[in-house]
Amino acid sequence: MSTRSDVRFFQRILNTPELAGQKEHRRNKRFAVGQTFPVKAVITLAGRDGEGVKIRSDDAAGQDWGGWMVNLSGNGANLQLHPAAVADRGDVCTLRLSFAQSTLSIRARIAHFRPGTKFTSCGVSLEFPDADTQSAYLQVLEPVILGSSFKPVDSSRIKQDTPDLVKEQYGGDSGTRLTVWRAPSEAAIAGFELLLGSHSITGTPESLELDIQPIDGADATAAAREEVIRLFKWITPNLPKSVPSDVRKFLARY
């Protein structure tokens, strides 16, 4: 497994002008993370002895705690940890974000730590050592931002040009657009198209395989296709409730 501070989860898709670089003021906001978001978080807190006294060590060794990311911002993260976790405000820690065989490690500092009976709420302030580490972290944040940005398009602006089907659309940041087709009789979903930058992603109830099509000469390599599918799976868990629940469930099938 790769554990570095310069991990790049996307080499192609999020480097394109269409999808790269969310506005700075948006990154300063907190964005809720969907429970099925595939990036896993582990935080290393300072070790403690049997009496709860912090163990000082030269190598910054500590205890690992897996957690659920509640929300993220451009410079911080909030997690839910096991109630047995212990830390103090200001403690140095390490946040590790993992996907597949790659792990991004980021030095952080405890911003708040609120114990509870069911879980502990832990907020950390991230301390990026360099631009590469920050860029890699933003590749985790930006799909969360993109997912949360989708809003229904007014029906009067949607051209109903598919015979025997009703079209609905949802627009997101950076020109992303989700189109859903329904059978008019029972309103069942007949298919969808998600436009992400220079790629189109489509799916139907008959198959669990996504169809990826490059647009206007975009990268059509297998590596690019893999990244488009990854971005799809990172965006869709973060769709807001303004996207109907049956649409969100349908997309989660993939």
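Two strands count as paired here if DSSP finds at least two bridges between them, and in this predicted model that criterion underlies the hairpin that β4 and β5 form with three residues between them.

**View 1. Strand β4 and its pairing partners β2, β3 and β5**. The hairpin of β4 and β5 has three residues between its two strands, and these strands, β4 and β5 (residues 76-81), pair in the antiparallel sense over four bridges. Within that pairing, L72 has A77 in β5 as its bridge partner. Strand β3 (residues 40-46) also runs antiparallel to β4, to which six bridges join it, and here L45 stands opposite Q63 in β4. Strand β2 (residues 31-32) pairs with β4 (residues 62-72) over two bridges, again in the antiparallel sense, with A32 standing opposite N71 in β4.

**View 2. The open sheet of six strands, β9 to β14**. The strands follow the order β9-β10-β11-β12-β13-β14, and their pairing is antiparallel. At the edges of this sheet lie β9 (151-152) and β14 (211-214), each of which pairs on one side only. Strand β13 (residues 199-203) is joined to β14 by four bridges in the antiparallel sense, and the bridge partner of H199 in β14 is P214. Helix α3 packs on the sheet, where it touches β12 (189-196), β13 and β14, and the direction of α3 makes about 110 degrees with that of β12.

**View 3. Residue A223 in helix α3**. Helix α3 spans residues 222-235, and A223 has its place within it. With a relative accessibility of 29%, A223 counts as partly exposed, because that class lies between the limits of under 20% for buried and over 50% for exposed. Although A223 and R12 are 211 residues apart in sequence, they are 8.4 Å apart in space, C-alpha to C-alpha.

**View 4. The cysteines C93 and C122, which are not joined by a disulfide**. A disulfide is a covalent bond between the sulfur atoms of two cysteines. A search of the whole structure finds zero disulfides, and C122 is accordingly in none, with the nearest cysteine sulfur, that of C93, 6.2 Å away. Seen from C93, the closest cysteine sulfur is that of C122, and the 6.2 Å between them is too far for a bond, because a disulfide requires the two sulfur atoms to be within 2.5 Å. C93 counts as buried, at 3% relative accessibility, and C122 also counts as buried, at 0% relative accessibility.

Key: Residues numbered from 1 in each chain as written. Predicted model: local features only at pLDDT ≥ 70, side-chain atom pairs only at ≥ 80, totals over all residues. Heavy atoms only, no water. Buried < 20%, exposed > 50% of the residue type's maximum accessible area, 1.4 Å probe, protein only. Contact = heavy atoms within 4.5 Å. Axes fitted to C-alpha atoms, helices over the stretch in contact; angles between N-to-C directions.
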